[in-house]
Amino acid sequence: MSADAARRYDVLTIFPGIFRGPLDETILRRALDADLVEIALHDLRDWTHDRHRTVDDYPFGGGPGMVLKPEPIFEAVEAIQPLAEPPASVVLLTPQGRRLDRDLVAELAALPRLLLICGRYEGVDERVRERLVDIEVSVADVVLSGGELPALLLLDALVRRIPGVLGGEASLAEESFEGGLLEYPQYTRPSEFRGWSVPDVLLSGHHAEIERWRRAQRLQRTLDRRPDLLSEADLTPEERDRLESAGGPPA
């Protein structure tokens, strides 16, 4: 795939309607309209063969809930893969997957095509996980009703990394978690509101001082709110020494 070709993301779900509102708005809509990405929705029930369009069944061995059957999922993936090139990496949205973070988003964003399977009920037949899926992804340490909302979250995180979507690469470089740090505080007009003023440094026009202030704010905010990030953050030796002397985490 050439560097300027559109990414393609296929989504397999029993509730395609969940995606239509978000895909008609904001950054996702802008990327679709600009042909920077292609997102194709597929209804899993289209690969069933009974009049009830059954996609789930009771688990062997007993237990609560229902499990998504393997036949429609395998047939769907086998039908979707030839629709474009190259073949998609198959992603299962599941609480048991690798937790989504900036490194995983970067890995997935580098792939030209993904096929997202949205789990439901008690999950999917294990043969799907073992024989069909390449990557399992969890968006948080919680259990949701299905994989549709996690799939939308993943799509948003992926699409915003496509060159041209945000309109400025600096926007992406300065976001939270880039470099392992949270983003600095943001202010806009008016400079004074109800007696609360914008920090003077931001009004100074001194770009080097502003950058120093922002960097210090990122460090302090991460230390206060997400100290767990600091052990892997991109810090200078001076910053690491300063955090340690202030009682902050990483060595």
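Where does Arg-53 lie? Arg-53 sits in a loop, the one between strand E2, residues 37-43, and strand E3, residues 56-57. Keep in mind that this is a predicted model.

Let me stay with the backbone for a moment. Most residues other than glycine have a negative phi, and most peptide bonds are trans. Arg-53 is not a glycine, yet its phi is positive, at about 55 degrees.

Now the peptide bonds. Going from Glu-85 to Pro-86, the bond is cis. Its omega is near -5 degrees. Pro-86 belongs to the loop between helix H3, residues 70-80, and strand E5.

Another cis bond runs from Arg-189 to Pro-190. Here omega is near 5 degrees. Pro-190 is in a loop as well, between helix H7, residues 169-173, and strand E8, residues 192-193.

On to helix packing. Two packed helices are described by the angle between their axes and the distance between the axes. My pair is H9, residues 207-225, and H10, residues 237-245. They pack at an angle of about 40 degrees. Their axes are 12 Å apart. How do we class that angle? Angles from 35 up to 65 degrees fall outside both the roughly parallel and the roughly perpendicular ranges, so H9 and H10 are oblique to each other. The crossing of H9 past H10 is right-handed.

Which residues make the contact? From H9, we have Arg-215, Leu-219 and Leu-223. From H10, we have Glu-239, Arg-242 and Leu-243. By class, that contact holds three nonpolar residues and three charged ones, with no polar residues.

Last topic, the second largest pocket. Its volume is about 390 Å³. How many residues line the pocket? The lining has 23. Nearest the centre are Leu-93, Thr-94, Pro-95, Val-143 and Leu-144.

Look at the elements next. Strand E5, residues 89-99, and strand E7, residues 135-138, are the ones that give two or more residues to this lining. E5 provides the largest share, with five residues. We met E5 a minute ago, as the strand at one end of the loop that holds Pro-86.

And the chemistry of the lining? Twelve residues, written 12 on my slide, are nonpolar. Eight are polar. Three are charged.

To recap. Arg-53 has the positive phi. Pro-86 follows a cis bond, and so does Pro-190. H9 and H10 pack obliquely. The second largest pocket draws the largest share of its lining from E5.

Conventions
Residues numbered from 1 in each chain as written. Predicted model: local features only at pLDDT ≥ 70, side-chain atom pairs only at ≥ 80, totals over all residues. Heavy atoms only, no water. Axes fitted to C-alpha atoms, helices over the stretch in contact; angles between N-to-C directions. Helix = DSSP H or I, 4+ residues; strand = E, 2+ residues; numbered from the N terminus. Parallel < 35°, antiparallel > 145°, perpendicular 65-115°, else oblique. Left-handed = near helix turned anticlockwise from the far one by under 90°. Contact = heavy atoms within 4.5 Å. Nonpolar A, V, L, I, M, F, W, Y, C, P; charged D, E, K, R; others polar. 1 Å grid on protein atoms, 1.4 Å probe; cavity = no way out; pocket = protein on both sides within 12 Å on 5 of 7 lines; lining within 4 Å. Points joined across faces, edges and corners; volume = space filled by probe spheres on them.
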